[in-house]
Structures are given as C-alpha cells and as structure tokens.
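Got the viewer open? Let's walk through this one stop by stop, selecting as we go.

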Amino acid sequence: MSGKPSPSSISTKRERIAKLAREMPGVALTSLSQHIDLDWLKEAHRRTRKKCSVGVDGVTGAEYERDLESNLRSLLDRAKSGTYRAPPVRRVYIPKGSDGAQRPIGIPTFEDKVLQRAVATVLGEVYEQDFLDCSHGFRPRRGQHTALASFWGQAMAMGGGTVVEVDVKSFFDAIDHGRLREILRQRVRDGVLLRLIGKWLKAGVLEDGCVALPESGTPQGGVISPLLANVFLHEVLDTWFEREVLPRLRGRGFMVRFADDFVMCFESDEDARRVMDVVAKRFAKYGLTVHPKKTRMVSFRRPPLNDGGRGSRGATRPGTFDLLGFTHYWGRSRRGKWVIKRKTMSSRLSRSLRSVWTYCQKKRHKPLEEQHRALVRKIRGHCAYYGITGNGKQISAFRHWTYVIWRWWLNRRSRHTRGGMAGLDRLLERYPLPNATVVHSVYRT
C-alpha cells in the first residue's frame, strides 16, 4: 500500500464511526482501533505540522519522512501489538498573561504526534455525537468566535442577567487520571485505544535532564490533550449543567464554554447564587479546584432605555467581564439602543504591543522590506482574531501604535536620520501598513 491515502476512503471510515456512535448513544464501543490502518496513519501524518519543535528524540518531520512508509508500518505494528512505548514530552515554557507568569508546554516527538492524531481522529468522531452545543473548543467548525457569538446572541435575547465567571486552577495539570479513565470507559472499551491513552498519560515530562512522572494532568501541547480535556469537562460540567442545573432554574439560563474557559448567565439572581454555592463542590468531586478570587458573580443586565449608562434613579451600573480575550460591556448602538459590546482586553492589547516593541527593537537594523513584511503579518494576525463587530477602535489603535513604535525604533538606528522625523515619514510612505479590518462582522454574509 503506497502513495497518498484516498480521501474518500478515510472520509467513509470517519462517517461509519460517527454513524455507529450516533445510533448507539451511551453504549461503550469496542471495535474502534480496527479503523486505524496504514492509510489512516498516512492521513494523520499529512495533517501533522512538519515544521515545529522536536521532541526528546530530536527527529524532525523531514527526517521522519525519508522512510515514511517503513516508519508508519512499524508504528502501526507497535501500536496494535501493545509494544509501542510513549516517549516523555519535552517541557518548555511560554509567556502567560502580563504578570510575567509562564505556561508549561509539552512537546511530543513527531512520531508520537502522528499516532496521537490518528487516535484523536477516531475518538473525535465518537464524542462529536455526544458533545453539547454549549461546547466550542477544539471542535470542527467551532472556535472562539462561535463561542463569542453564542454568548452575544443568547444574552441579548435574555436582556443580560447575572454572569457567573468560574476559573479552574491549573486545569490541564489537575485532570485526575483515574477519573478520566472512568469517563472514557463509559463510551470506549477498545483495548488498543485505552492502552495507548494510558501510556500517554504516564509518559512523563523531561525537564532539565530529569523525567518527572506526574500523577495527574495532560501535558499542554499534546495533540490528544484538547480532546481528553473536552471529554473530561463534558462529563464534569456540560452534562451536569444540562441535566441537573437547567431543570431546577426558576428563570432562563445558559452556558458557553471554550476548553476550560466558560461563563454561565442566569436570568434570576437567586439561580446564579445557588449555582455559585455548588459549582466548587461539583469540580472538587473530580479533583479540580475553583479559584476563589477569580470566580465571581457579575450583574450584567441591560440598563433602562433612558439610562445614560452610569446608573440613574438609584440603579446600579452594569458590570463588565472578560471572555476569550474580550471585555464585554453594555453600550449604545448607533440607533441609541442598548447592546452588548466587546473590546480587546487592555492586558491583551498591551501584550500585543509589547511584542511589537520587542520585535522592532531587535530587528531595527534589518532591511525595511523584511521589517515591513513581519509587521504586516502581525497586524493581519491581530485583526484575524480581534477584528469583530464593535471592536474597530481597538484594532485601529493597535495598527496606529504599531506604526508609532516602528517609527520610533527606526529613528534610533542612527544618531543622524536624514531629513529628521519628516524624512522618516516620507520613507515609510513606501511601506504602508494595512488598515485595521473587522474580519468577523455580524453584518457580513
């Protein structure tokens, strides 16, 4: 079996798995690994990024491809026979937030990524039939912007309410392995898949030459980690909210979740308080801890039509809260009506501008063409995420300050800038930065 896998054959297998899971809800499926063959691994390899950091074995994607057929056959045999040994992930740290904190990321080997993607594809077809509409993270045709749109639409229809923000401490590092296995076995009884997942959970983390074997958590950076996290929270949170919380509410309510970031909104203050009283106990039952200072209730009701927004006749001004990088608040539309608006969180805008500052400082002696291309990518990438309806002012500010920072550092390339700042402005006219564009517009079809 050589060459590229047939897209139709892979698609047919995925549809077959999805149909089986759809027709047998709540039933533990036992014969899923039979769908993983050489073609399945080739498709997983095709969908795996080749230019990325290497794992503990130091093998790059290009090196693995030199004898791809043989490597994948060996991988398939080891996975099916149970002789595959999951290598530890290499731990690195990336910046987290604006307070100097760092987030640990685990980098698997390239071969491990291919196998994880193959298994994740099978399990994804099963659990996609079970996941609820409130879940938006790491799912086909869903993402941060569908989560934001879902909250906006439901909250507008309800006239706002009381928002419950919940922060789970170190969620990915705190997932209990035993609980996760119990949840998986409710839907999957395939020995090959469960054995592989168990090996990945126990693979360990290589840091400073030492391998640590954590008793909980899934390493952030693993291909299968987002799916396992979704499966875990589907049981811990989504189904609990759908089956236990909603039927007991006195008013309306809803929840929107992206991975471990989620908010709940309730029409009744009493409902919100009751959920606040039990949500920490619910997470504690599964070994998770709710951050007491970051978990809070926010009054987020639509102000009266004649309210200027600062609270009149003793009314309390609506609060604000953050979700997926955006601050949500009530504001006036162009027609004078109260609508929910979103703007870039100030900490995210500051972080993005610091990135521009660092780049311009380090690369100021590089050719202008190279700097221009990089800054164009930064602006377009920023707008691709933050360019939503109502946030035009913030993304325009990012574009403006990017130009100011670039100009400032170019002026410091030399003590004597020909023509001064005016001459520099004329020079930069040849390298215009793109306009800030609203990419995700509710008015665009």
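## First stop: a three-stranded sheet

Start by selecting leucine 323 and phenylalanine 326: leucine 323 sits opposite phenylalanine 326, which belongs to E10. Keep in mind that you're looking at a predicted model.

Now widen the selection to E9 and to strand E10, residues 326-332; the two pair in the antiparallel sense over three bridges. Add E11 and you have an open sheet of three strands, ordered E9-E10-E11, with antiparallel pairing. Strand E9 (321-323) and strand E11 (338-344) are at the edges with a single partner strand each, so one side of each has no neighbour in the sheet. Look along the strands for the twist, which averages 45° from one strand to the next.

Next, bring in H6. This helix packs on the sheet and touches E9, E10 and E11. Its direction makes about 155° with that of E11.

## Second stop: a four-stranded sheet

Select E6, E7, E3 and E8. These four strands form an open sheet in the order E6-E7-E3-E8, and the pairing is antiparallel. Which strands stand at the edges? They are strand E6 (253-258) and strand E8 (296-301); each has a single partner strand, so one side of each is left without a neighbour in the sheet. On average, neighbouring strands here are turned by 20° against each other, direction ignored.

Zoom in on strand E3 (residues 160-166) and strand E7 (residues 261-266), an antiparallel pair joined over five bridges. For a landmark, pick valine 163, which stands opposite cysteine 265 in E7.

Then show the helices that pack on this sheet:

- Helix H6 (residues 144-158) touches E3, E6, E7 and E8, and its direction makes about 165° with that of E6.
- Helix H10 (residues 225-245) touches E6 and E7, with its direction at about 175° to that of E6.

## Third stop: a helix pair

Hide the sheets and select helix H8 (residues 177-185) together with helix H9 (residues 191-201). They pack at an angle of about 165°, and their axes are 12 Å apart. Angles over 145 degrees count as roughly antiparallel, and H8 and H9 are therefore roughly antiparallel to each other. The crossing of H8 past H9 is right-handed.

Turn on side chains to see who meets whom. From H8 come His177, Leu180, Arg181, Leu184 and Arg185; from H9, Leu194, Ile197, Gly198 and Leu201. Colour the residues of this contact by type and you get five nonpolar, two polar and two charged.

## Fourth stop: strand E1 and its partners

Select strand E1 (residues 89-96) with strand E4 (residues 205-207). This pairing is parallel, over two bridges, and valine 89 stands opposite valine 205 in E4.

Swap E4 for strand E2 (residues 101-107), which runs antiparallel to E1 and is joined to it by seven bridges. Click arginine 90, and then find its bridge partner in E2, isoleucine 107.

## Last stop: a salt bridge

Side chains of opposite charge can pair when their charged atoms come close. How many salt bridges are there in this model? The count comes to 18.

To view one of these, select aspartate 37 and lysine 13, whose side chains meet at 2.3 Å, N to O. The pair links distant parts of the chain, 24 residues apart. Lysine 13 is in helix H1 (7-23), while aspartate 37 is in the loop between helix H1 and helix H2 (38-46).

Technical notes:
Residues numbered from 1 in each chain as written. Predicted model: local features only at pLDDT ≥ 70, side-chain atom pairs only at ≥ 80, totals over all residues. Heavy atoms only, no water. Pairing = 2+ DSSP bridges. Axes fitted to C-alpha atoms, helices over the stretch in contact; angles between N-to-C directions. Contact = heavy atoms within 4.5 Å. Parallel < 35°, antiparallel > 145°, perpendicular 65-115°, else oblique. Left-handed = near helix turned anticlockwise from the far one by under 90°. Nonpolar A, V, L, I, M, F, W, Y, C, P; charged D, E, K, R; others polar. Salt bridge = Lys/Arg side-chain N within 4 Å of Asp/Glu carboxyl O.
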